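Biologist: Please take one part of this model and look at it closely. Start from the charged pairs, then follow them into the packing.

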Amino acid sequence: MTCELLVVPPHEDDPRLIPGAKALSGEPRKVPPGLCDGGPRALLDLDTPRTRAAAGARRAFEAWQEFASAHPPGRAFGAIRVRHVADPENYAQAQAVEDYRTQPVIAAYLDHPELEELVGGDPIARPSEDLEGLLRHAMDSALPSNALLTLDGCWLDIANADRRCYFNDYLDALPVDACAVRVLYHG
């Protein structure tokens with residue numbers, strides 16, 4: 001994922017865009033054409049990354065659903081690990097991992113690296129019925145940010161799904177001439 005924001009074509013040369021001059025190291029940054037660190041809301045293409053993220057999430061969801069339907073249902077790793085947490089002396093973490101990995105659906109999944117790359121993580125742990133929620137989560141996670149400074153000066157940490165939803169709704173509601181800027185910071 002890139003840190004920069006997409007520019008709405010054909011406005012790549014608009015002087016109101018903020019290109020970003022230096023990296024954290026102090027070295028000059030070469031921001032590719034069509035990307036910027038900010039500018040007026042109307043010049044920022046916030047929808048393309050969201051659309052791409054939703055399409056990727058849909059592909060992963062559908063691929064997993066199709067793949068998993070050919071196997072007996074499995075249990076998410078967290079559901080198996082509960083037994084280890086309750087009785088670590090008699091049910092080791094390594095055994096929980098082994099029990100998870102040897103489930104037919106997971107063993108088959110691990111034999112398909114292209115599917116594993118597309119779906120990622122523990123596919124059983126994902127909500128399997130709420131495609132719309134999954135797509136919204138993917139779209140809300142598409143834009144790079146860890147925090148939001150609102151126009152009225154309020155800093156908000158963007159650390160969970162509700163805050164990411166708020167962040168995206170906030171950006172979408174900004175006046176078209178309001179300046180949105182991606183700031184990379186560290187503490």
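Modeller: Asp37 is buried, at 10% relative accessibility. That value comes from a predicted model, as do the others here. The side chain of Asp37 is paired in a salt bridge with that of Arg29, at 2.5 Å from N to O. Arg29 sits on the other side of the burial cut-off, which is 20%. With a relative accessible area of 25%, Arg29 is partly exposed. This bridge is one of nine in the count.

A second bridge joins Asp47 and Arg50, at 3.3 Å from N to O. Both residues lie in helix 1, residues 47-68, and they are three residues apart, so about one helical turn separates them. An α-helix has 3.6 residues a turn, so residues three or four places apart point the same way. The burial of the two partners can be read off as well. Asp47 is partly exposed, at 46% relative accessibility. Arg50 is buried, at 5%.

Now a pair that links distant parts of the chain. Arg136 and Asp169 form a salt bridge, and their closest N and O atoms are 2.9 Å apart. Arg136 belongs to helix 6 (residues 131-141), while Asp169 belongs to helix 7 (residues 161-173). In sequence the two are 33 residues apart. Both partners are partly exposed: Arg136 has 33% relative accessibility, and Asp169 has a relative accessible area of 39%. Elsewhere, salt bridges with shared partners connect Arg41, Asp47, Arg50 and Asp172 in one network.

The part to look at closely is helix 7. How long is helix 7? Its 13 residues reach 18 Å from the first C-alpha to the last. At 1.5 Å a residue, 18 Å is also what is expected. At the start of helix 7, Asn160 places a side-chain oxygen within 3.1 Å of the backbone nitrogen of Asp162.

Which residues of helix 7 are buried? They are Arg164, Phe167, Asn168, Tyr170 and Leu171. These buried residues lie on the same side of helix 7, because they cover an arc of only 160 degrees around the axis. The face turned away from this buried side carries exposed residues, Asp162 and Ala173.

What does the buried side meet? The buried residues of helix 7 pack against two helices, helix 1 and helix 6. They also pack against strand 5 (147-149) and strand 7 (179-181). Leu171 shows this residue by residue. Beyond its neighbours within four places in sequence, Leu171 contacts Arg41, Leu46, Arg50, Leu143 and Ala180. Arg41 and Arg50 are also members of the salt-bridge network.

Leu171 leads on to the nonpolar packing. The largest nonpolar core has 17 residues. Leu17, Leu44, Leu46, Leu148, Phe167, Leu171 and Leu174 have the most contacts inside this core. Strand 1 (5-7) and helix 7 each contribute at least two residues to it. Helix 7 gives the most, three residues. There is also a second, separate core of 14 residues, with Ala96, Tyr100, Val105 and Ala108 among them.

Put together, helix 7 has two roles in this picture. Its Asp169 pairs with Arg136 across distant parts of the chain. Its buried residues, including Phe167 and Leu171, lie on one side of the helix.

How values were computed:
Residues are numbered from 1 along each chain as its sequence is written. This is a predicted model: local features need pLDDT of at least 70, side-chain atom pairs count only at pLDDT 80 or more; totals for chains, interfaces and linings use all residues. Side-chain values use heavy atoms; hydrogens and water are left out. A salt bridge is a side-chain nitrogen of Lys or Arg within 4 Å of a carboxyl oxygen of Asp or Glu. Buried means under 20% relative accessible area, exposed over 50%, partly exposed in between (1.4 Å probe, protein chains only). Helices (H or I, at least four residues) and strands (E, at least two) are DSSP runs, numbered from the N terminus. A nonpolar core is a set of buried Ala, Val, Leu, Ile, Met, Phe, Trp, Tyr and Cys residues joined through side-chain atoms within 4.5 Å. Contact means heavy atoms within 4.5 Å. The expected span of a helix is 1.5 Å times one less than its number of residues. The arc is that of the directions from the helix axis to the C-beta atoms. A polar contact is a pair of N or O atoms within 3.5 Å; within protein, one must be able to donate a hydrogen and the other to accept it, and residues adjacent in sequence count only if both atoms are side-chain atoms.
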